[in-house]
Each structure stands twice: as C-alpha cells, then as structure tokens.
Amino acid sequence: MKATYTLKRPSIKTPKLYETENEIEANEILIVAHYFLPGTICDWYVMEFDEENDLIFGWAEIISGCGELGYSSLEEMEEIVVMSKMHMLGKVIQIPCHVEFDEHWTPRTLGEVLANRG
C-alpha cells in the first residue's frame, strides 16, 4: 500500500549516484541533506541522489553504533511509522512519527557529521 505521507526530496543539484565515488575520501564527501526520525537515533545523511529510482546514497544509522554507507529508498522511508508515547493531562496517548527532511541542515563533510555524533 502506498503511503499517504510524502517526504521532501533532496535538491536536484545533489550529486547523482556514483558521482562522488572516486573523487575524494569518504570522510571528505559533502553531506548535502539530512533525514531523521523524531524521538529516535535514526538518521540518514545524503551524499548522492538518484531521482529516477528515488534512491539516496549516504551514511545511515538506524541502530546506535551500527551506522554504515549504503542506499536507502525514499519511498520505503515514507512508509516508516513509529508510535511515540506522550503523557498529556494525565493520559498516555500515542502519536505517529514519520521520517522528516531536515529543513535547517547545513552541508558539511561526512567526517564532521560523524565527529559530532559522538
């Protein structure tokens, strides 16, 4: 079933798949966009984008300490829903959280991103 939630795509100026592959060391490649799942440690840092196949390539960390370079499908990321518990007026309610595009992202290198993750 197709998700009704639509994630913002990286800029069309984002390097295409394999475009930065042999240019420089991985830690020096620019991370041009960032996706995250609120309330979790899940992050996707975008180096390259294939608009035709709706794929991103970059660093993803879904499980703490187990990040790696790889491909992610934006369509599949749209289908991710995590139910987050919230305490409100003495009641516990659940709110669905979706992967979000980081509108305030400032491009930086993968090395800088990893150094700041800690």
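Select Val81 to begin: with a relative accessibility of 44%, this residue counts as partly exposed, a class that falls between buried, meaning under 20% relative accessible area, and exposed, meaning over 50% (1.4 Å probe, protein chains only). The model in the viewer is a predicted one, in which local features need pLDDT of at least 70 and side-chain atom pairs count only at pLDDT 80 or more, while totals for chains, interfaces and linings use all residues. Residues are numbered from 1 along each chain as its sequence is written, and side-chain values use heavy atoms, with hydrogens and water left out.

Val81 belongs to strand β6, which covers residues 81-88; here strands (E, at least two residues) and helices (H or I, at least four residues) are DSSP runs, numbered from the N terminus. Now show what surrounds Val81: apart from neighbours within four places in sequence, Val81 is in contact with Pro96, Cys97 and His98, where contact means heavy atoms within 4.5 Å. If you also draw a line from the C-alpha atom of Val81 to that of Val113, 32 residues apart along the chain, the separation is 25 Å.

Next, select Asp102, which sits in the loop between β8 (100-101) and β9 (108-109). Asp102 is buried and yet has no salt bridge, for the nearest side chain of opposite charge, that of Arg108, is 6.6 Å away. In this count Lys and Arg are positive and Asp and Glu negative, with His and the chain ends not counted, and a salt bridge is a side-chain nitrogen of Lys or Arg within 4 Å of a carboxyl oxygen of Asp or Glu. What is found around the side chain of Asp102 instead is backbone nitrogen: that of His104 lies 3.0 Å from a polar atom of this side chain, and that of Trp105 lies 3.3 Å from a polar atom of the side chain of Asp102. Not counting residues up to four places away in sequence, Asp102 touches His34 and Phe36.

From Asp102, move to Glu103, in that loop between β8 and β9, and add Lys8 in the segment before β1 to the selection; their side chains meet in a salt bridge (3.4 Å, N to O), so the pair ties together parts that are 95 residues apart in sequence. Glu103 is exposed, with a relative accessible area of 51%, whereas Lys8, at 44% relative accessibility, counts as partly exposed. A search of the whole structure finds 5 salt bridges.

For further salt bridges, select Arg117, which is partly exposed, with a relative accessible area of 30%. Arg117 forms a salt bridge with Asp43, the closest N and O atoms being 2.6 Å apart, and this pair links distant parts of the chain, with Arg117 in helix α2 (residues 110-117) and Asp43 in strand β3, 74 residues apart. Asp43 counts as buried, at 10% relative accessibility. The side chain of Arg117 also meets that of Glu61 in a salt bridge (3.0 Å, N to O); Glu61 lies in strand β4 and Arg117 in helix α2, so the pair ties together parts that are 56 residues apart in sequence. Glu61, at 9% relative accessibility, counts as buried.

Keep Glu61 selected, since it is one of the residues that line the largest pocket, including also Trp44, Gly58, Ile62, Cys66 and Tyr71. This pocket has a volume of about 170 Å³, and β5 gives the most to its lining, with 5 residues.

Turn then to the largest cavity, which holds about 30 Å³ of space and has among its lining residues Trp44, Tyr45, Phe57 and Trp59. On a 1 Å grid over the protein atoms alone, a cavity is a set of points where a 1.4 Å probe fits but cannot get out, while a pocket is an open set with protein on both sides within 12 Å along at least five of seven lines, and lining residues have an atom within 4 Å of a point. Grid points are joined across faces, edges and corners, and a volume is the space filled by probe spheres set on the points. β4 gives the most to the lining of the largest cavity, with 5 residues.

The last stop is Asp54, in the loop between β3 and β4, which counts as buried at 15% relative accessibility. Asp54 has a positive phi of about 60° although it is not a glycine, and Asp54 is linked with Arg9 and Glu78 in a network of salt bridges.

Notes. A polar contact is a pair of N or O atoms within 3.5 Å; within protein, one must be able to donate a hydrogen and the other to accept it, and residues adjacent in sequence count only if both atoms are side-chain atoms.
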